[in-house]
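Work through the three exercises below with the model open. Each task is followed by its solution in steps.

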Amino acid sequence: MANRVLILGAGLVSQPIIDYLFTHTDYLLTVADIIEANATRAIKNNPRGTSATLDVQDADHLHQLIDESDLVVSLLPYSLHGLVARHCLDAEKHMVNASYVSDEMRAFDAEAREKNLLFLCEIGLDPGIDHMSAMQIIHDIQKRDGEVTEFVSVCGGLPAPDANDNPFGYKFSWSPKGVLLAGNNSARYIEQGRVKEISAEKLFHSTTPMEIDGREFEAYPNRDSTSYEQIYGLGGIELLMRGTLRYAGWHELILALKALGLLTDSKVRSEDISFAEILAELNALNVDSIRADVASLLELPEDDRVIQALGWLGLFEITPQKFGSDQVIDILAERMNERMSYQAGERDMVALQHRFKATFPDHQEEITSTLLDYGIPNGNSSMARTVSSPLAIAVKLILEDQINLKGVQIPVDPIIYEPVLSELKTLGIEFKEVTVRS
């Protein structure tokens, strides 16, 4: 009898895993979403597919769906993985997801092991492909009696160069609020062998220019990188940083938005108010001279690219509007979603690069490993492909008994990353590696 896979969530990254499992296996798929029409559309009338309505708070129905499956893929928001995992433990079913391991999820490890279950987490893009490609190189260095002394890893989902046509160098395929909130995070990484703390206020003063494939980018530290010293087995490393990648100039624009108070939950009236009035109210400026006043506040000339970008976004408009929220960060997110979304036929791009320095008994190496992947015009985005494809491959490996790990795991073991990376190559998701010896 064919294996049965339950996919919870039929959102923006779900299509590639559904297509892969229909194409490469004989599995029966049940796709469940809060809007059943989304699940029905994703199945594309495949006779091996079934759609279902999903209300995660309906415990009996959720348990029934899980109990009728052999493995559960959670594409739900990360905060719901623990709820799903609890049902998977009770029903004794394997589970995979693409989110970071939370403390709640980690607490299920012992019980999962007792029940001979695998809860494979962080098997998407970032986290996921980044882990696997990094560990493949790290383990190779260590097998050759080398020691990794520096490791920098950056990743970003961006518009492809042919779709990079706005002053921000960025586009959103879903709500931008999460991206904006990331501008309020602090960061920790290892530099010169010591932990370096970066406050939220200084995060975007800590960007590093990077050139990848002849194009100018910038990277900034992504939250806490220090735990990867242990996870990746890099004890005593001199430099260790995981970062977020953007096109060059992004940090200047985020700093301007922060300086203007637009990345806060400050409240204004939600209707009959213009962007110019919002800026004036937040910063005690004059509506009638808002552009000049903002330039003066930011200590920039009026023709500076930052001021031009704010103008392009419409932040100096004087026409009153009605917004869906009274919080300024939500209002900004609403406008960015209007002006900075992908249009029909436009491609996104995933850029991921690792940079290693390694010392060997008789030489040193600098290794650069780069993934540039592009979305398919009017088809699957690169973000969907790179998040969803590793999940799909992992499902197949688990149900074919190719992964003999149990408990709560992430893909840093060669039994996972070798076959997944190999299969990703057949899907066109492949790294290019350059090594310089000295």
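Strands here are DSSP runs of E, at least two residues long, numbered from the N terminus. The model is a predicted one.

**Exercise 1. The largest cavity**

Find which strand gives the most to the lining of the largest cavity.

Step 1. The structure holds two cavities of 30 Å³ or more. The largest has about 40 Å³ of space.

Step 2. List its lining: Asp126, Asp130, Ser153, Val154, Cys155, Asn222, Arg242 and Gly243.

Step 3. Look for elements that give two or more residues. These are strand S7 (147-159) and strand S12 (239-247).

Step 4. Strand S7 gives the most, with three residues.

**Exercise 2. The open sheet**

Set out the order of the seven strands in the open sheet, then name its edges.

Step 1. The order is S3-S2-S1-S4-S5-S6-S17, with parallel pairing.

Step 2. Strand S3 (49-53) and strand S17 (407-409) each pair on one side only, which makes them the edge strands.

Step 3. Neighbouring strands are turned by 20° against each other on average, direction ignored.

Step 4. Zoom in on one pair. Four bridges join S4 (residues 71-74) to S5 (residues 94-97). Valine 73 has valine 96 in S5 as its bridge partner.

**Exercise 3. Arginine 385**

Decide whether arginine 385 is buried or exposed, then describe its surroundings.

Step 1. Arginine 385 is found in helix H15 (residues 382-399).

Step 2. Its relative accessible area is 14%, so arginine 385 is buried. The cut-off is under 20%.

Step 3. Its side chain makes a polar contact with the side chain of aspartate 373, at 2.7 Å.

Step 4. Beyond four places in sequence, arginine 385 also touches other residues, including Pro16, Tyr374, Leu427 and Ile429.

Technical notes:
Residues numbered from 1 in each chain as written. Predicted model: local features only at pLDDT ≥ 70, side-chain atom pairs only at ≥ 80, totals over all residues. Heavy atoms only, no water. Pairing = 2+ DSSP bridges. Axes fitted to C-alpha atoms, helices over the stretch in contact; angles between N-to-C directions. Buried < 20%, exposed > 50% of the residue type's maximum accessible area, 1.4 Å probe, protein only. Polar contact = N/O pair within 3.5 Å; in protein donor to acceptor, adjacent residues only side chain to side chain. Contact = heavy atoms within 4.5 Å. 1 Å grid on protein atoms, 1.4 Å probe; cavity = no way out; pocket = protein on both sides within 12 Å on 5 of 7 lines; lining within 4 Å. Points joined across faces, edges and corners; volume = space filled by probe spheres on them.
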